[in-house]
Amino acid sequence: HRARFTAKYKAKQYYMNGSYVYQTTDNDIGDGWKTERSQLNIRTGIANKKVKFSLGYGLIYNKLEGDRNFVFYGSPATWNILYEGRSNLVDVWLRVFASKKWALGGYANYYKNDGSWEIERLVLKPFVEIKFNGGFIGQLAYRYIDFKENLWGNESYTANIFEVSFGYKW
């Protein structure tokens, strides 16, 4: 079963949109899996010749439960599986066009998951972008990542990454 609702609004350079999805799955064959998922997304922003700005929020809820039947040393056994998680995502994005060739910008993204696996992630990325003739673009950026696994902390890390990228925009 699945239901999806979407709403969009735009007035000149301002926009807002949102969506909600709810989905369930029941499998009564074999081990009897059941899943439930709901997701809410909201975004607002402004886009014109000088500035592009966006602010977004997302909420995702997942639940999975079932029994896994198996044989252990010749005896039947059951492994109960339950995963439940709630994820929150917030992001902000900005690009300022300093001239027809140069742009400055950046984004910030924060993610947090509660439930079976508790993790947090923060990403920050400022950049400078230049347009070359013929549709080619170049970007110089710095990306900072702070990832935390809150349950055991074995996978926690921070990263400082300098990026140079080239592309084509048509």
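What is the volume of the largest cavity? The answer is about 40 Å³. The model behind this value is predicted. The report starts with empty space, then turns to strands, turns and aromatic rings.

## The cavity

Rolling a probe the size of a water molecule over the atoms shows where empty space is left. Here the structure holds 1 cavity of 30 Å³ or more. Its lining is made by Phe97, Ser99, Lys100, Lys101, Trp102, Ala103, Glu129, Ile130 and Lys131. By class, these lining residues divide into 4 nonpolar, 1 polar and 4 charged.

Which strands supply the lining of the largest cavity? Strands β6 and β7 each give at least two residues. The largest share comes from β7, with 3 residues.

## The pocket

The largest pocket has a volume of about 170 Å³. Seven names make up its lining: Asn48, Lys49, Lys50, Lys52, Phe97, Ser99 and Lys100. Sorted by class, the pocket lining has 1 nonpolar, 2 polar and 4 charged residues.

Look for Phe97, Ser99 and Lys100 in the structure. They help to line the largest pocket, and they also appear in the lining of the largest cavity.

## The first strands

Start at strand β1, residues 2–11. Is β1 largely in the open or largely buried? Of its 10 residues, the number buried is 0, so β1 lies largely in the open.

Now follow the pairing. β1 and β2 (residues 14–27) run antiparallel and share 10 bridges. One of these bridges sets Lys8 against Asn17 in β2. Next, β2 pairs with β3 (residues 33–47), again in the antiparallel sense, over 14 bridges. There, Val21 stands opposite Gln39 in β3. Then β3 pairs with β4 (residues 51–72), also antiparallel and over 14 bridges. Glu36 has Lys63 in β4 as its bridge partner.

## Turns and positive phi

Two hairpins belong to this part of the chain. β1 and β2 form one, with 2 residues between them. β3 and β4 form another, joined through 3 residues.

Most residues other than glycine have a negative phi, and most peptide bonds are trans. Lys12 goes the other way: its phi is positive, about 55 degrees, although it is not a glycine. Lys12 sits in the loop between β1 and β2. Its relative accessibility is 79%, so Lys12 counts as exposed. Tyr73 also has a positive phi, near 50 degrees, and is a residue other than glycine. It lies in the loop between β4 and β5. With a relative accessible area of 76%, Tyr73 is exposed.

## Aromatic pairs

How many aromatic pairs does the structure hold? It holds 6. A pair of aromatic rings is described by the distance of the centres and the angle of the planes. Take Tyr83 and Trp117. Their ring centres are 5.1 Å apart and their planes stand at 35 degrees, so the pair is tilted. Tyr83 is in strand β5 (residues 75–97), while Trp117 is in the loop between β6 (102–115) and β7 (119–131). The pair therefore ties together parts that are 34 residues apart in sequence.

Is Trp117 buried or exposed? Its relative accessibility is 51%, and the cut-off for exposed is over 50%, so Trp117 counts as exposed. Elsewhere, ring pairs link Phe136, Tyr168 and Trp170 into a cluster.

## Tyr157 and Asp146

Tyr157 is found in strand β9, residues 157–168. At 42% relative accessibility, Tyr157 counts as partly exposed. Compare its place with that of Trp117. The two are 40 residues apart along the chain, and their C-alpha atoms are separated by 16 Å.

Which residues does Tyr157 contact, leaving aside its neighbours within four places in sequence? They are Ile145, Asp146 and Phe147. Of these, Asp146 has its place in strand β8, residues 136–149. Its relative accessible area is 16%, which is under the 20% cut-off, so Asp146 is buried. Leaving aside its neighbours within four places in sequence, Asp146 is in contact with Glu120, Arg121, Leu122, Tyr157 and Thr158.

Key. Residues numbered from 1 in each chain as written. Predicted model: local features only at pLDDT ≥ 70, side-chain atom pairs only at ≥ 80, totals over all residues. Heavy atoms only, no water. Phe/Tyr/Trp six-rings, centres within 6.5 Å; stacked < 30°, edge-to-face > 60°. Helix = DSSP H or I, 4+ residues; strand = E, 2+ residues; numbered from the N terminus. Buried < 20%, exposed > 50% of the residue type's maximum accessible area, 1.4 Å probe, protein only. 1 Å grid on protein atoms, 1.4 Å probe; cavity = no way out; pocket = protein on both sides within 12 Å on 5 of 7 lines; lining within 4 Å. Points joined across faces, edges and corners; volume = space filled by probe spheres on them. Nonpolar A, V, L, I, M, F, W, Y, C, P; charged D, E, K, R; others polar. Contact = heavy atoms within 4.5 Å. Pairing = 2+ DSSP bridges.
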